[in-house]
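Me: I am new to this structure and should be grateful for a close look at a single part of it. Please also explain how that part is set within the rest of the chain.

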Amino acid sequence: MKANVLEAPDKPIIWKEVETPTLAAGEVLVKIKAAALNRRDYWITIGKYAGLKYPVILGSDGAGTVAETGEGVDASWLGKEVIIHPAGNWGENEDYQGKDFKILGLPDDGTFAEYVKTRAECLYDKPAYLTWEQAAAIPLAGVTAYRALFTKGKAKKGDTVLISGVGGGTGAFALQWAVAAGCRVFVTSGTGEKIEMARRLGALAGVNYKAQDWAEELKHMAGGFDVIIDSALGEGFAKFPDLCNPGGRIVFFGGTAGDIPAINGRKVFWKQLQLLGTTMGNATDFKNMIAFMTAHQIIPVIDEVFALEDAAKAIEKMAAATQFGKLVLKA
């Protein structure tokens with residue numbers, strides 16, 4: 001088969017011939033129809049991610065048809081249209097991942113290839129109303145946002161929600177999930193264009209986080225927030241306790257802007273706030289996410305579609321951070 005191979009962080013991704021994966025018991029081979037990028041793919045290409053190994057085929061998100069089944073796998077999967085849950089070996093406790101947890105695309109070869117192997121329990125039926133590109137856009141960002149908003153953040157109809165940094169794939173999903181759930185949603189972004197795109201998806205308003213008074217603007221617009229979803233940390237994180245309503249939940253799953261800064265802990269305990277870390281999502285989260293989006297017929301936001309062999313070009317666009325929504329590779 002052919003695949004996009006990253007041989008080292010200082011080398012470009014190359015579309016080349018590689019061996020088709022061989023299956024062990026419990027595994028399946030999926031013929032990729034579409035795959036999608038996540039920010040972790042970019043970090044791996046520049047050598048700034050935990051557990052690096054090379055060469056590697058990147059890609060956590062994928063959708064396709066089951067081409068082969070390993071020993072012990074129900075043969076009825078053959079030929080089925082599926083999407084892949086990229087979180088493997090979650091473990092027995094649904095509250096947190098176990099020590100053997102791993103994400104497809106590193107250390108195991110991922111979806112930026114003609115075929116990918118995965119465990120049969122990671123397969124889910126592709127929602128029939130979605131195209132291949134739309135289905136491929138869901139898994140990692142979709143389940144991360146779903147777990148952050150609902151499993152951790154306990155968001156419900158009528159809650160006021162802030163999505164901090166709405167332009168990326170996870171932020172766009174968090175916005176769509178919250179709007180579908182009947183929340184009042186506000187956003188931040190570094191550009192007015194992305195804020196306007198968020199408004200078209202149902203956000204009530206947004207502010208540019210580069211503005212000096214962004215937090216004061218949000219407070220004036222929304223009054224206060226029941227749930228704040230953040231993927232960056234950094235200095236701005238210190239403003240969140242001020243923005244929360246009593247009993248508010250601040251949920252975060254990334255640290256691209258730095259670490260947690262000094263915050264006023266008195267406001268955290270006096271307002272009974274919760275600071276909640278989260279990573280990806282377990283099988284229950286993924287199943288519930290698919291059911292939720294199908295019930296609401298939600299269409300993932302796709303910024304641009306590239307040919308499968310053009311993963312390097314897609315990574316270049318991700319590096320520039322100009323996209324709103326997901327970057328997708330189509331076979």
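Reply: Helices and strands are here DSSP runs, of at least four residues (H or I) for a helix and at least two (E) for a strand, and they are numbered from the N terminus. In that numbering, asparagine 4 belongs to strand β1, which covers residues 2–6. The model is a predicted one.

Asparagine 4 may serve as a point of entry. With a relative accessibility of 2%, asparagine 4 counts as buried, since that term applies under 20%. The side chain of asparagine 4 reaches the backbone oxygen of leucine 308 at 2.8 Å. When neighbours within four places in sequence are left aside, the residues in contact with asparagine 4 include Ile13, Ile14, Trp15, Val56, Phe112, Leu308 and Asp310.

The whole chain comes next. The protein chain has ten helices and 18 strands. A compact globule of 331 residues would have a radius of gyration near 20 Å, and the 20 Å of the protein chain agrees with this. The C-alpha trace spans about 55 × 40 × 35 Å along its principal axes. Of the 331 residues, 51% count as buried. Contacts between residues at least 6 apart in sequence join residues at least 24 apart in 70% of cases.

The part chosen for the close look is helix α9. The 14 residues of helix α9, 283–296, should span 20 Å at 1.5 Å a residue, and the end C-alpha atoms are indeed 20 Å apart. At the start of α9, a side-chain oxygen of asparagine 282 comes to within 3.0 Å of the backbone nitrogen of threonine 284. Glutamine 297 follows α9 and has a positive phi, near 50 degrees.

Which residues of α9 are buried? They are Asp285, Phe286, Met289, Ile290, Phe292 and Met293. These buried residues lie on the same side of α9, because they cover an arc of only 165 degrees around its axis. An α-helix has 3.6 residues a turn, so residues three or four places apart point the same way. On the other side of α9, Lys287 and Ala295 are exposed. The partners of the buried residues come from separate stretches of the chain: they pack against β6 (81–84), β10 (123–125), α3 (139–152) and α4 (169–180).

Helix α9 also takes part in the largest nonpolar core. That core has 46 residues, and Met289 is one of those with the most contacts inside it, together with Leu149, Phe150, Ile163, Trp177 and Val187. The elements giving two or more residues to this core are β3 (27–36), α2 (132–136), α3, β11 (160–164), α4, β12 (184–189), β14 (225–230) and α9. Helix α3 supplies the largest share, seven residues. Apart from this core lies another, of 36 residues, among them Ala3, Leu37, Tyr42 and Leu106. In soluble globular proteins, nonpolar side chains tend to be buried together.

Isoleucine 163 shows what the surroundings of one core residue look like. Beyond its neighbours within four places in sequence, isoleucine 163 is in contact with Gly171, Ala174, Leu175, Val185, Phe186, Val187, Thr188 and Ile229.

Ile229 is also a contact of phenylalanine 253, which further touches Thr144, Ala148, Thr170, Asp230, Ser231 and Thr278, leaving aside its neighbours within four places in sequence. Phenylalanine 253 lies in the loop between β15 (244–252) and α8 (265–270) and, at 23% relative accessibility, counts as partly exposed. Its C-alpha atom is 5.2 Å from that of threonine 278, although the two residues are 25 apart in sequence.

Some backbone features elsewhere complete the account. The peptide bond from tyrosine 54 to proline 55 is cis, with omega near -5 degrees; proline 55 is in the loop between α1 (39–45) and β4 (56–57). The bond from leucine 106 to proline 107 is likewise cis, with omega near 15 degrees, and proline 107 is in the loop between β8 (102–103) and β9 (115–119). Asparagine 89, though not a glycine, has a positive phi of about 55 degrees. Asparagine 89 sits in the loop between β7 (87–88) and β8 and is partly exposed, with a relative accessible area of 43%. Alanine 321, not a glycine either, has a positive phi of about 55 degrees. Alanine 321 is placed in the loop between α10 (311–320) and β18 (326–330), where it is partly exposed at 38%.

Terms used. Residues are numbered from 1 along each chain as its sequence is written. This is a predicted model: local features need pLDDT of at least 70, side-chain atom pairs count only at pLDDT 80 or more; totals for chains, interfaces and linings use all residues. Side-chain values use heavy atoms; hydrogens and water are left out. The expected span of a helix is 1.5 Å times one less than its number of residues. Buried means under 20% relative accessible area, exposed over 50%, partly exposed in between (1.4 Å probe, protein chains only). The arc is that of the directions from the helix axis to the C-beta atoms. Contact means heavy atoms within 4.5 Å. A polar contact is a pair of N or O atoms within 3.5 Å; within protein, one must be able to donate a hydrogen and the other to accept it, and residues adjacent in sequence count only if both atoms are side-chain atoms. A nonpolar core is a set of buried Ala, Val, Leu, Ile, Met, Phe, Trp, Tyr and Cys residues joined through side-chain atoms within 4.5 Å. The radius of gyration is taken over C-alpha atoms; the globule rule is 2.2 Å times the number of residues to the power 0.38.
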